Amino acid sequence: MIKFLGNLSKNFSQSEYHPGSQEVYMYASTTTFIKCIQAFRSWLKQPMYVISWYRTKTENIAVHGIPNSNHLTGTAMDWHLYNHDFTKDEFIKYSRKWASICKQFGCVGESGWYLWGIHLGIENPEQAKATGHKFVHWDSRSGKQIDNPFPELRGL
């Protein structure tokens, strides 16, 4: 744990990482994720409104996160664009770009589509090696998660 106030990157602050706390928990993979998400934000060229980034175990339980959520290591972000509902084409476009950025930084990406926004994350190298994943995506807009539903994103 480190105490930190200020920006984690050009466009993301510590308060977006873990609102209401000056304690920043980071892992080696967290810094890789910060580089990836900043590259994505620079490509997007518009503000990303962070819904959730780092979570403690207690916070993760409270939002019904999965027990091994990448939010627990600061390697996932849920976000949306102001006053905007994402289309399928946008989700696919953003997911493709995310997969490309993750590969540039030597990690495996994941993206999820929800009614409230998009999840972007990275799997840690051990997790990716164990699962054999190249890129993972899901659609949870119905309230039930459907894994790898879009043929356009398979095999990235």
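This is a dialogue about reading a predicted model of one protein chain.

Student: Where do I begin? How many helices and strands are there in the chain?

Tutor: Start with the parts list, then look at the order. In this predicted model, the chain has five helices and eight strands. Following the sequence, the pattern reads β-α-β-α-β-α-β-α-β-β-α-β-β.

Student: And what can I say about the overall dimensions of the chain?

Tutor: Two numbers help here. The C-alpha trace spans about 45 × 40 × 30 Å along its principal axes. The radius of gyration is 15 Å, which agrees with the value near 15 Å for a compact globule of 156 residues.

Student: What share of the residues counts as buried?

Tutor: Of the 156 residues, 45% are buried. You can also look at the surface: the chain exposes about 8600 Å², and carbon and sulfur atoms supply 53% of that area.

Student: How do contacts show which parts of the sequence meet? What percentage is between residues 24 or more positions apart?

Tutor: Take the contacts with a separation of 6 or more and look at how far apart the partners are in sequence. Here, 58% of those contacts involve residues 24 or more positions apart.

Student: Can we try charges too? How far apart are the mean positions of the positive and negative charges?

Tutor: Take the mean position of each kind, then the distance between the two. The chain has 17 positive and 13 negative charges, and their mean positions are 6 Å apart.

Student: Let me try one residue. Is Ser29 buried or exposed?

Tutor: Compare its relative accessibility with the cut-off: buried means under 20%. Ser29 has 18%, so Ser29 counts as buried. Ser29 belongs to helix α2, residues 28-44. Leaving out residues up to four places away in sequence, Ser29 touches Thr75 and Ile122.

Student: Phe33 is in helix α2 as well. Which residues does Phe33 touch?

Tutor: Again leaving out residues up to four places away, the partners of Phe33 include Trp53, Met77, Trp98 and Leu120. Thr75 and Ile122 are also among them. Phe33 is buried, because its relative accessibility is 0%. For a view of distance along the chain against distance in space, take Phe33 and Ala76: they are 43 residues apart along the chain, while their C-alpha atoms are separated by 7.5 Å.

Student: Now for the rings. How many aromatic pairs are there?

Tutor: The count comes to 18 aromatic pairs. To read a pair, look at the distance between ring centres and the angle between planes. Phe40 and Trp98 are 6.0 Å centre to centre with 85° between the planes, an edge-to-face pair. Phe40 lies in helix α2 and Trp98 in helix α4 (residues 88-104), so this pair ties together parts 58 residues apart in sequence. Phe40 counts as buried, at 0% relative accessibility, and Trp98 is buried too, with a relative accessible area of 0%.

Student: What about Tyr49 and Tyr82: how are their planes arranged?

Tutor: Their ring centres are 6.0 Å apart and the planes are at 55°, so the pair is tilted. Tyr49 lies in strand β3 (residues 49-52), and Tyr82 in the loop between β4 (76-80) and α4, so the pair ties together parts 33 residues apart in sequence. Tyr49 counts as partly exposed, at 38% relative accessibility, whereas Tyr82 counts as exposed, at 63%.

Student: Which residues do ring pairs link into a cluster?

Tutor: The cluster contains Phe12, Tyr17, Phe33, Phe40, Trp43, Trp53, Tyr54, Trp79, Phe86, Tyr94 and Trp98. You have already met Phe33, Phe40 and Trp98, so try finding these three in the structure.

How values were computed
Residues are numbered from 1 along each chain as its sequence is written. This is a predicted model: local features need pLDDT of at least 70, side-chain atom pairs count only at pLDDT 80 or more; totals for chains, interfaces and linings use all residues. Side-chain values use heavy atoms; hydrogens and water are left out. Helices (H or I, at least four residues) and strands (E, at least two) are DSSP runs, numbered from the N terminus. The radius of gyration is taken over C-alpha atoms; the globule rule is 2.2 Å times the number of residues to the power 0.38. Buried means under 20% relative accessible area, exposed over 50%, partly exposed in between (1.4 Å probe, protein chains only). Contact means heavy atoms within 4.5 Å. Accessible areas come from the Shrake-Rupley method with a 1.4 Å probe; for residues, only the protein chains shown count as cover. Lys and Arg count as positive and Asp and Glu as negative; His and the chain ends are not counted. The place of a charge is taken as NZ of Lys, CZ of Arg, CG of Asp or CD of Glu. Rings of Phe, Tyr and Trp (its six-membered ring) pair if their centres lie within 6.5 Å; planes under 30 degrees apart count as stacked, over 60 as edge-to-face and the rest as tilted.
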